[in-house]
Amino acid sequence: MKKLFGISILLIYTILSASGIAQGQNQDRKMSFTVSMDQPASHYYQVEFRYDGITEEAVELKMPAWTPGYYMVLDLAKNVVGLEVKDGAGKPLPFRKTAKNTWTVQTSGIQSLIATYNVYATRASVADPYLAENRGFISPTGVFFHVGGKLSHPVMVTINPWKEWKQVSTGLDPVKGQANTFSAPDFDRLYDCPILVGNQEILSFEYKGIPHTIAIEKPGTCNREKLAADLKKIVEAGTSIIGEIPYKHYTFLIMEKGGGGLEHLNSMAVFADVSKYGEADRDRGLLGFFAHEYFHLYNIKTIRPVVLGPFDYDRECLTNMLWFSEGGTVYYQDMILNRAGFLSRDQYLEGAAKGIGSHENIMGSRFQSAAQSSWDTWMLFFNRAENSQSVSINYYNKGNTLCMLLDLKIREASQNVNSLDDVMRTLYQDFNKKRNRGFTDAEFREVCEKAAGCSLSEFFDYVYTTNPIDYGKYLAYAGLKIDLTPQEPAISYLNKTMNKRSFLISIAQNPTELQKKVLADWLK
Ligand SMILES: [Zn+2]
């Protein structure tokens, strides 16, 4: 009887688990937003959040403190103005602020909650909401509340554009039959999908049957056909590295000229002037920028350090690994351009020399390691001080160089069988797909050493210390040499001294067969 009873309990639990009830899920629970923008010149969005099927005594409405990919606490709750909360019958519900980004609403005996609020949106950046008569940029972390403890809940969003605007562009999935209405399976997805509202021009192309949309705010005399064809080449070269495309549709949100871009799983939001694309000699720079934000769909969105998704939206997420997640993406933007035929071998090597100089020729390289630069980015990246260049480095620059050295080391040590591409594929398959999580510093090193087939202790010292790097040794793996002649006079800061160098890279004489093969397979 006891045993039978145990089985019955197990059976009931199994049924409840399968239906989701045992895990506290409420089948009637629904969350949806409506965003309106009747007067863009006022810079205020009007937002309504409806939450049905409430079972909690109290509900926390929370606005993220930061936007993933933009490592700075923005305290986006500061833009919320005029919050009102009512039940389904329109009766006001009591609430109070319980943390800097949290409003706690008493919901005892209440099934539905409707929160209305305005969002002040004036900062034109890829990480903040913006609204004016030129466009609406709904940076989701600054517009949509989430309910504390319910980040994994599905959500719907309806956008009511200003009467003068006709286009709504986003990576969110459209809901069939409902205009400007979109769905997300959870709030991590919603927060990863910015929405551009305005009169942007829409171009499109397909790659392997997957639709790609290009939304351009200021197309000017842009050569549309060439831009779409060039972006398609970037998509082809980028996706070929991993061999899988983890999205069903992709959207390029290209706003007017300005600064910055932000990566997302199936979209990018960038400020870029494409109004003369096809005429100007700066096209390659633009393509490098697009390749960078695009390849982030792998490196950082899926291939990621363990703290970078799922995110803690309340506070900073510290990691040593941005030298790889950002610097590695700079490295791969050039690999993509080279493989897609936009960047020659000579142009790459010239850029690589400049890249080395950009961190070796500043005093900061003597004080701060790549890992430390990554860890401290929340304090330092957007808060430059007078001594910044003397005591800190940029992990984009040093990380890019380190990834080049790592790639060369793996190619040489594996007799040109493996490369950094194999590391990327392993990280994608073994962590993102099989374990659905990011990797630790130690796991990353393990994957690299497996690809190389040997210890990489010297290389990882270059990551975690400011030890002088033996560039000549690593570049020689591809039959290259580097000019390390010191330029006079020496420069001093605190207790350190250094000489600037050109770091020019050239092809060495009489390469071995392995050196020839490494170079040929590495750079076209
Ligand atoms: Zn980046």
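Which residue takes a positive phi just after α13? In this predicted model, in which local features need pLDDT of at least 70, side-chain atom pairs count only at pLDDT 80 or more, and totals for chains, interfaces and linings use all residues, that residue is Gly 453, with a phi of about 80°. Residues are numbered from 1 along each chain as its sequence is written, and side-chain values use heavy atoms, with hydrogens and water left out.

Helix α13 (helices being DSSP runs of H or I with at least four residues, strands runs of E with at least two, numbered from the N terminus) comprises 12 residues, 441-452, and reaches 17 Å from its first C-alpha to its last, close to the 16 Å expected at 1.5 Å a residue, where the expected span is 1.5 Å times one less than the number of residues. Its buried residues (under 20% relative accessible area, with a 1.4 Å probe and protein chains only) are Glu 443, Phe 444, Val 447, Cys 448, Ala 451 and Ala 452, and what covers them includes α5, α11, α12 and α14.

The zinc ion is coordinated at 2.0 to 2.1 Å by His 292 (NE2), His 296 (NE2) and Glu 326 (OE), donors being N, O and S atoms within 2.8 Å of the metal (3.2 Å for Na, K and Ca); water is not among the atoms, so sites may look incomplete. His 292 lies in helix α4 and Glu 326 in the loop between α5 and α6, so the pair ties together parts that are 34 residues apart in sequence. His 292 is buried, with a relative accessible area of 7%, as is Glu 326, at 2%.

Terms used: Buried means under 20% relative accessible area, exposed over 50%, partly exposed in between (1.4 Å probe, protein chains only). Contact means heavy atoms within 4.5 Å.
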